[in-house]
Amino acid sequence: MRNKQVIFRDFLAKGAFPKESDMEVTESTVDVTRAVAEGSKGVLVKNLYLSCDPYMRGGMRKLTDPAESYAASFQPGSPVTGFGVARVLESGHRKFEKGDLVWGLTGWEEYSLLPAPETCFKIEHTDVPLSYYTGLLGMPGLRAYAGFFELCSPKKGETVFISAASGAVGQLAGQFAKLFGCYVVGSAGSKEKVDLLKNKLGFDEAFNYKEESNLDAALKRYFPEGIDIYFENVGGKDYNLEQPKGVPNLIQISMKEVRMEGFSVLDYYHLYLKFLNMVLPQIKEGRIVYVEDTFKGLENGPAALVGLFSNCDVGKQVILVSRE
Ligand SMILES: NC(=O)c1ccc[n+]([C@@H]2O[C@H](COP(=O)([O-])OP(=O)(O)OC[C@H]3O[C@@H](n4cnc5c(N)ncnc54)[C@H](OP(=O)(O)O)[C@@H]3O)[C@@H](O)[C@H]2O)c1
């Protein structure tokens, strides 16, 4: 069987922005009837949707120190790897059967052999769009949920500021905060994104940070009494910088008794079922709106991924490989 693939060409320099030419769309073949070796615990999957996430920039550079990134480096000459939704075609693993739908780490290709599929989640709820498992019901959704409810310890009526608020995580963190009863303001990089936040996603206010000559003044305008929770989403821009910028004014951390904390969603996977139980009814009752930007066809994968780093994205960037 033909297996179209998006191959990662070679590592990028630290300060370089990813380009489409860093990837190449090629074709190989796969024997879908005999791909899983006798005795192996692997599964062969047909990829349906693939996710573009900022952390993937970390995979594009050669890591000298594993502490530099939680993403493993891509292998030059092999398919790009990332989160996706897939159907199991053949399984050597007792947790999965032929026909199961799963989400987790897979390859940017039509068919992938996953040698260690135990990190994948089986998809039990199919009465929502399957693509949601790359975002709202997948890793970014869990990040928004764990970040807001577990780390921010919100109280009703608190004031919440969300940066990159129209992105995959930001749009959800903002809506969780609104549903919880907070006052929520988001910042984003275009008029279209700001309109989306205010008119579709239900944020109390939103502003275009590119049009504000004085960000302090903008924040004072929307938060005259101050900000209780800042959910930061633009750290990912540092992936492309040779020399990440520092945070000035750290003295305020102790003056204002601020708590600042980073986290990895990987440490919150145990909350996934709790998260699903909270979010699925909200989706079905229409209380959560979710915005996706779908690129049809694996061959458009490089453009989708590159767009993520040039702020062309609105909502969650998803690649539709195959509907079934
Ligand atoms: N540690 C973890 O476990 C984990 C998991 C998931 C996500 N994350 C992090 O969470 C953040 C949000 O993820 P996401 O999936 O929501 O990303 P996303 O959908 O790609 O949104 C990122 C947004 O950041 C803004 N941006 C990009 N480059 C920028 C720049 N140079 N300056 C200012 N803003 C820029 C863009 O929005 P504007 O056009 O509005 O500026 C872009 O839409 C990222 O930093 C990501 O790395 C971490």
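This report walks through a predicted model of a protein, from its overall build to a few single residues.

## The overall build

Let's start with the whole chain. The protein has 8 helices and 13 strands. Its radius of gyration is 20 Å, close to the 20 Å that the globule rule gives for 324 residues, so the protein is as compact as a globular protein of that length. If you follow the C-alpha trace along its principal axes, the spans are about 65 × 45 × 35 Å.

How much of the protein is buried? Of its 324 residues, 38% count as buried. The contacts tell you about the fold too: among those with a separation of 6 or more, 66% join residues that are 24 or more positions apart.

## Helices α2 and α3

Now look for two helices that pack together. Two packed helices are described by the angle between their axes and the distance between the axes. Helix α2 covers residues 139-151 and helix α3 covers residues 168-180; their axes are 8 Å apart and form an angle of about 45 degrees. The two helices are therefore oblique to each other, and α2 passes α3 in a right-handed crossing.

Which residues make this contact? From α2 come Pro-140, Gly-141, Arg-143, Ala-144, Tyr-145, Gly-147 and Phe-148. From α3 come Ala-168, Val-169, Leu-172, Ala-173, Phe-176 and Ala-177. Sorted by character, the residues of this contact are 10 nonpolar, 2 polar and 1 charged.

## Helices α2 and α7

Helix α2 has a second partner to find. The axes of α2 and α7 come within 10 Å and cross at roughly 90 degrees. These helices are therefore roughly perpendicular to each other, whereas α2 and α3 are oblique.

On the α2 side, the contact uses Gly-141, Leu-142 and Tyr-145, and on the α7 side Tyr-272, Phe-275 and Val-279. This set divides into 5 nonpolar residues, 1 polar residue and no charged ones. Compare the lists and you will meet Gly-141 and Tyr-145 in the contact with α3 and again in the contact with α7.

## Ile-283 and a distant partner

Stay with helix α7, which runs over residues 272-284 and includes Ile-283. Is Ile-283 buried, exposed or partly exposed? Ile-283 has 18 other C-beta atoms within 10 Å, so it counts as partly exposed.

Leaving aside neighbours within four places in sequence, Ile-283 is in contact with Val-128 and Ile-288. The pairing with Val-128 is a nice one to trace on the model: the two residues are 155 residues apart in sequence, while their C-alpha atoms are 8.2 Å apart in space.

## Two residues with positive phi

Finally, turn to the loops. Ser-153 has a phi near 40 degrees, a positive value in a residue other than glycine. You will find Ser-153 in the loop between α2 and β8, the strand at 159-162. Ser-153 has 10 C-beta neighbours inside 10 Å, so it counts as exposed.

Ala-164 also has a positive phi, of about 45 degrees, although it is not a glycine. Where does Ala-164 sit? Its place is in the loop between β8 and α3. Ala-164 is buried, because 26 other C-beta atoms lie within 10 Å. So while both residues have a positive phi, Ser-153 is exposed and Ala-164 is buried.

Terms used. Residues are numbered from 1 along each chain as its sequence is written. This is a predicted model: local features need pLDDT of at least 70, side-chain atom pairs count only at pLDDT 80 or more; totals for chains, interfaces and linings use all residues. Helices (H or I, at least four residues) and strands (E, at least two) are DSSP runs, numbered from the N terminus. The radius of gyration is taken over C-alpha atoms; the globule rule is 2.2 Å times the number of residues to the power 0.38. A residue is buried if 20 or more other C-beta atoms lie within 10 Å of its own, exposed if 12 or fewer, and partly exposed in between; C-beta atoms are placed from the backbone. Two residues are in contact if their C-beta atoms, placed from the backbone, lie within 7 Å. Axes are lines fitted to C-alpha atoms, for helices over the stretch in contact, and angles run from 0 to 180 degrees between N-to-C directions. Angles under 35 degrees count as roughly parallel, over 145 as roughly antiparallel, 65 to 115 as roughly perpendicular and the rest as oblique. A crossing is left-handed if the near helix is turned anticlockwise from the far one by less than a right angle, and right-handed if clockwise. Ala, Val, Leu, Ile, Met, Phe, Trp, Tyr, Cys and Pro count as nonpolar, Asp, Glu, Lys and Arg as charged, and the others, Gly among them, as polar.
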